[in-house]
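This briefing covers one helix and a set of charged side-chain pairs. The structure comes first, then the notes.

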Amino acid sequence: MKKKYFLISFSSIVLFSITMCSQTKPFVPKDFKIPATLENQQLRIRMLTVNDVVKDYDAVMTSIDHLQKMFPVSNWPTKDLTFEQDLIDLGWHQKEFQMRSSFAYTVVSLDESEVLGCLYINPTTKGDYDARITMWIRTSMLDKGLDDILFNSVKEWIEKDWPFKKVAYPGREIAWEDWKSLN
């Protein structure tokens, strides 16, 4: 199992390196100041770091069925995701953020006692979109309406504070099957 995960991780690193080296333009302009946080009366969004692993792992593992339905084109997360694998994923996201190649944010309660979900802002070459944005809220918060609050807050934030011309929200405004078929 460890060998298999190592090979998957190593393959991901190689693929990421190839992708980063082949990008002709930066994801965001060099002088663009990356927004640090977004906060409203229900939640705070801030950069995801390895320091979030305990709360992030809990949010992911208690929401696996919901996440697998939300992201049907992905094999993440699996029920055998380990704490160590989650830590590696968070470290990877943190490094991508530092490199300005993609931006992963954690969604937390205002007192930071609980991870409520995540937000991912990624480059894309599909269609005429310049960013692909996905997000999720943990299962225990769905009946509180936080998924809609998160989506509406993020959409407004992206339009107001980010430099993108056309943003895709697969799984929300674009069906996953339609997204997969885009060139």
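A salt bridge here is a side-chain nitrogen of Lys or Arg within 4 Å of a carboxyl oxygen of Asp or Glu. By that criterion, the whole structure holds 12 salt bridges. This is a predicted model, in which local features need pLDDT of at least 70, side-chain atom pairs count only at pLDDT 80 or more, and totals for chains, interfaces and linings use all residues. Residues are numbered from 1 along each chain as its sequence is written, and side-chain values use heavy atoms, with hydrogens and water left out.

**Salt bridges**

- E39 and R44 pair through their side chains at 2.7 Å, N to O.
- E39 is partly exposed at 47% relative accessibility, whereas R44 is buried at 17% (buried is under 20% relative accessible area, exposed over 50%, partly exposed in between; 1.4 Å probe, protein chains only).
- R172 and D147 form a salt bridge at 2.8 Å, N to O.
- This pair links distant parts of the chain, 25 residues apart: R172 lies in the loop between β6 (167-168) and α6 (176-181), and D147 in helix α5 (residues 146-161).
- Helices (H or I, at least four residues) and strands (E, at least two) are DSSP runs, numbered from the N terminus.
- R172 is partly exposed at 25% relative accessibility, while D147 is buried at 17%.

**Helix α4**

- The 17 residues of α4 (residues 83-99) should span 24 Å at 1.5 Å times one less than the number of residues, and the end C-alpha atoms are 24 Å apart, which agrees.
- Buried residues of α4 are Q85, D86, L90, H93, Q94, E96 and F97.
- R100, just after α4, has a positive phi of about 65°.
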